[in-house]
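Visitor: I am new to this structure. Could you show it to me and take my questions one by one?

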Amino acid sequence: MSFSGKIKAIMALLMATGTCAMAAKSTSARVIDRLGDAKFQKKTNIGEWNEIYMGTRVNERDQIHTGIESSVALVLSDGSTITVQEISLVEFTTLQIENEAQTVFTDVKTGKVRFNAQKQRSGGSFKFRTTTAIAAIRGTSGIFGQTPKATFMALANGNALLQTPQGLECEVNGGQTVYIRPDAKKCHTINAKSSGSNHFQELLEQLIDDPNKSDDQIIKEAQQADSEIQAEFEKIKDKFKCHFDSVKDTITANYLTITGSCSKGVSLTLDSKTFQDARRFEYTADWDAGISGEKKFPATCSVEIETKCQNTKKNSKASQTCKKQISADCGLITTYYQAQNLTPTDSLEITTPSPTTVCEPGAVTIEGRFDPTDTEGSLFVKIGEYKSKNLVPLSVNGEFEHTVSISDALHNWNAKEAVVEYTGKKKKYTKKLALNIKKNCPQVNQLPPVVSLIHSDSLKCEALFSLQGANDDLVFLSTKVDEVASKERSFTQDATFKVKLNPGIHNYTLMVKDQADNSSTTKQTFGCYPKNKPAITLSGGNYELLRPPPPPPKEDKAVVYKTLRFRISNVVQQNPIHIAHIRVSMDNSTLLDLRNDQITELDYSIPVELPYAKVSKVTILVEMKNGRKTTAVKTYEVN
């Protein structure tokens, strides 16, 4: 039977309603990566869109919506992955499994998806649908979706079948991109080595939706674009170097950790996970413990190059360059998974990969199997001081799943492992799951550090602060004085610390931030007044003898007018803010009295009236904010 015939038979079998279909049970997809604005709607809560996180379970009839520059990657029960690309709306219409064969039917309402489908077992099906066409996949990777003008399928390798409601069929092979327009009588096939790459797909979608281009023009220009991309790739192909550490040909664990390294500047997309800096990478893929078979994980490498901008104005003299991504297949990791059945001597198994990273959504989901034939069995999950209820009554067919929240607020974020204990009639079994809890994730690291003032001393010029919330964390302290930043400090535990104050009055801003960017800020104004004693310098010295001409005979009040000049020195930074009080007096009369903010200078000129034939004394008092005082006396003798 031809490939097309096989697909038809499978599709017909799936569309039929009979006892076999009724025997299938629902399964789910799990979110393994997300970027940007992504939300999902459960079938039971129509119209209610919620945030989607790492580990979120997506069930039948649930929908996912992504915004600009956003995506969501999900893994299915057999290890196949589907990545909902940006500005897309997708419904997972059917997610079922029966006899190790899964049925997946995905409705791409808008936008597109990238997929890596593992080879489907007999009786299984992996399909996508738009309003224009249905695509049946047997085991390949590529992109499927729709534009306002057409439905398209692009394959990097393998093969698939596109079918329209009107009965049109077209086979798509690796290195081909095929698009179908609504009510079309023909499939349009583009042979392009770049099929399946994001950059080529974006160019093609623009061509397909251009109302001024015929299909022949679209195919011609797409193939020309493919040739240019391949030519660019040839020039830089030496940069596409990635090494993948070897994996076993056959494995019995239902997960595979792939490690390796790439050249500097190379970003790597492995299965559905993208590493922007792939100089060293690690990726763990997992699947349902009961689904044996070959597992394939394609790798795509990308580098950014500079090229001439296509929209540069003709009259522009300046050469303009733009950046774009060039991508190419750079590896295919394969292994064969052989499922292992539980035996009486091993009645407990954890199927969650170990170690498991805990980040979003601040929780770990522990899955596994136990012997359900022991009617007296009990199963508990322990993490630190936490212990679950008995999970046996909550489990079906010996399969358990339990989620435990992890955070600093719950005081369990230092846990290194989860322990699963199963106690049967005759024996107790214990399994451990290593935890890699990321303290830089906001869902784990929830409590912000707090800095508060204990006291300040304006004479010692220091302030003492308390830091709380730094235990078992890494907290950074940044200080600004009048909005000018000073050196940062770091803490790994709660502490008290001093801040040296600058002379004068200044505004201090202290911000503490932890690894997850939780932060708090305190703002204080402090004065610092070093214990300097001021000095007073009198112009003309401490004594002056004045010999003015005699006053007119009829003058009632004979006085001489003089200007007293003095300077205050030995003030820190010559800043008057350190002075608390200046008083100038003569013969019980106050000539000048200034306090605090009234004092704005250090040089003074004060007019005085000196009576004839008398000795007059002017007293100058300067008191500092640090408490120290200085007095000077100016003596005038009028003769």
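Visitor: In which loop is P355 found?

Guide: First, this is a predicted model, in which local features need pLDDT of at least 70, side-chain atom pairs count only at pLDDT 80 or more, and totals for chains, interfaces and linings use all residues. Residues are numbered from 1 along each chain as its sequence is written, and side-chain values use heavy atoms, with hydrogens and water left out. Strands (E, at least two residues) and helices (H or I, at least four) are DSSP runs, numbered from the N terminus. P355 is found in the loop between β28 (348–350) and β29.

Visitor: Which residue does a cis peptide bond join to P355?

Guide: Look at omega, which is about 0° for this bond. The partner in the cis peptide bond is S354.

Visitor: What is the strand order in the open sheet of 5 strands?

Guide: Two strands pair if DSSP finds at least two bridges between them. The pairing in this sheet is mixed. Its edge strands, β29 (356–358) and β32 (386–387), each pair on one side only. The order is β29-β35-β34-β31-β32.

Visitor: Which residue in β35 stands opposite V419?

Guide: Start with the strands: β34 (residues 417–423) and β35 (residues 428–437) run antiparallel, joined by 7 bridges. Opposite V419 in β35 stands K432.

Visitor: What is the average twist in the open sheet with the order β20-β22-β25?

Guide: This sheet has 3 strands with antiparallel pairing. At its edges are β20 (242–244) and β25 (281–286), each pairing on one side only. From one strand to the next, the twist averages 25°.

Visitor: And which residue in β25 is the bridge partner of L256?

Guide: β22 (residues 255–262) and β25 run antiparallel, with 6 bridges between them. The partner of L256 is A285.

Visitor: How many bridges pair β46 with β49?

Guide: β46 (residues 559–569) is also joined to β44 (residues 535–538), by 4 antiparallel bridges. With β49 (residues 603–611), β46 pairs in the antiparallel sense. One bridge there has Y561 and E609 as partners. The number of bridges between β46 and β49 is 9.

Visitor: Are α3 and α4 roughly parallel or antiparallel to each other?

Guide: Axes are lines fitted to C-alpha atoms, for helices over the stretch in contact, and angles run from 0 to 180 degrees between N-to-C directions. The axes of α3 (residues 198–208) and α4 (residues 215–236) come within 10 Å and cross at roughly 160°. Angles over 145 degrees count as roughly antiparallel, under 35 as roughly parallel, 65 to 115 as roughly perpendicular and the rest as oblique. So α3 and α4 are roughly antiparallel.

Visitor: What kind of aromatic pair do Y422 and Y429 form?

Guide: Rings of Phe, Tyr and Trp (its six-membered ring) pair if their centres lie within 6.5 Å; planes under 30 degrees apart count as stacked, over 60 as edge-to-face and the rest as tilted. Y422 and Y429 are 6.3 Å apart, centre to centre, with 25° between the planes. The pair is stacked.

Visitor: Is D271 buried or exposed?

Guide: Buried means under 20% relative accessible area, exposed over 50%, partly exposed in between (1.4 Å probe, protein chains only). D271 is not a glycine, yet has a positive phi of about 60°. Its relative accessible area is 8%. D271 is therefore buried.
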